[in-house]
Amino acid sequence: MSNHIAAAPDDIAETVLLPGDPLRARWIATTYLDDASCYSSVRNMLGYTGTYRGQRISVQGTGMGQPSLSIYAHELLAEYGARTLVRVGSCGGLQESVAIRDVIVAMSASTDSSINFLRFHGLNFAPAADFTLVRAYVERAENAGVPHHIGQIFSTDSFYLDRPELHDRLRDYGVLAVEMETAALYTLAAKFDARALSVNTVSDSLVTGEALSSDDRERSFAEMVELTLDTVTASGSAGGGESRS
């Protein structure tokens, strides 16, 4: 049992989906997993384990922001033996070509957070996804006809950022979308020699001002989660034995 996850050592699978909202963790578990059971409700940050197509899968809420995600991702990797972590979240689109409901597959993540600046003593570490997961997810998105984009995402520590010029600069450099967790996830996966991927449904556009309603967001989120589950369970990949590319 870790400080923030009240689970026994064998309660958590090697593959874990990471929604920010703990209620979405419950929704994923009850909608898609067989025999799902709750292994932790500490601070109401819910975690579940069940099976999908016969393979063990866990779903753990992380809360919002890199400090919160870092707590749960670190404990999953360091104390529970997780080997594959996939963020399933939402993001704001930064490019005109990125439409509402599109899925962003994040190959890398830049950030304004000081977490890595402190970790690497001023070095600008560039965290990236596991390529095998990127490739597998993209293949399934293409086969399913799901609109998606592959590229860099921006992980910010400030949801209400009073710097509109920063979004313009990021857009000029090809950043696809903004969210609040991916850079920390990819960094911790690198530290623990694990695999990580972040996929995010575009819930609002910082270009057009469009935004999904709560009902539309849930339907779009479902499509992304189904692709994620298909990706991590294909050919036994939920077992977690494959090394990072």
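Is Asn116 buried or exposed? Asn116 is buried, at a relative accessible area of 8%, where buried means under 20%, exposed over 50% and partly exposed in between, with a 1.4 Å probe and protein chains only. The legends below take a friendly walk around this residue and a few other places. The model is predicted, so to speak of local features requires pLDDT of at least 70 and to count side-chain atom pairs requires pLDDT 80 or more, while totals for chains, interfaces and linings use all residues. Residues are numbered from 1 along each chain as its sequence is written, and side-chain values use heavy atoms, without hydrogens and water.

**View 1. Asn116 and its contacts in helix 3.** Asn116 sits in helix 3, where helices are DSSP runs of H or I with at least four residues, strands are E runs of at least two, and both are numbered from the N terminus. Leaving aside neighbours within four places in sequence, Asn116 is in contact with Leu123, Phe125, Pro127, Ala183 and Thr187; contact means heavy atoms within 4.5 Å.

**View 2. The second largest pocket, with Asn116 in its lining.** This pocket has a volume of about 160 Å³. On a 1 Å grid over the protein atoms alone, a pocket is an open set of points where a 1.4 Å probe fits, with protein on both sides within 12 Å along at least five of seven lines, and lining residues have an atom within 4 Å of a point. Points are joined across faces, edges and corners, and the volume is the space filled by probe spheres set on them. Alongside Asn116, the lining includes Ser113, Phe117, Leu123 and Phe125. Strand 6 (103-111) and helix 3 (115-119) each give two or more residues, and strand 6 has the largest share, with three. By class, the lining has five nonpolar, five polar and no charged residues. Here Ala, Val, Leu, Ile, Met, Phe, Trp, Tyr, Cys and Pro count as nonpolar, Asp, Glu, Lys and Arg as charged, and the others, Gly among them, as polar.

**View 3. The largest pocket and the residues closest to its centre.** About 580 Å³ of space lies here. Of its 26 lining residues, Ser90, Cys91, Phe159, Glu179 and Met180 are the closest to the centre. Strand 5 (84-93) gives the most to the lining, six residues. Ten nonpolar, nine polar and seven charged residues make up this lining.

**View 4. Helix 1 packed against helix 7.** Helix 1 (residues 22-32) and helix 7 (residues 214-233) pack at about 60 degrees, with axes 12 Å apart. Axes are lines fitted to C-alpha atoms over the stretch in contact, and angles run from 0 to 180 degrees between N-to-C directions. Arg24, Trp27, Ile28 and Tyr32 in helix 1 meet residues of helix 7, including Phe221, Val225 and Leu229. By class, this contact has seven nonpolar, no polar and four charged residues.

**View 5. Leu229 in helix 7.** Leu229 counts as buried, at 0% relative accessibility. Not counting residues up to four places away in sequence, Leu229 touches Leu17, Tyr32, Tyr52 and Ile57.

**View 6. Two loop residues with positive phi, Asn44 and His121.** Most residues other than glycine have a negative phi. Phi of Asn44 is near 60 degrees, and this residue lies in the loop between strand 2 (34-40) and strand 3 (47-52). His121 has a phi of about 55 degrees and is found in the loop between helix 3 and helix 4 (131-144). Asn44 is exposed at 59% relative accessibility, and His121 is exposed at 76%.
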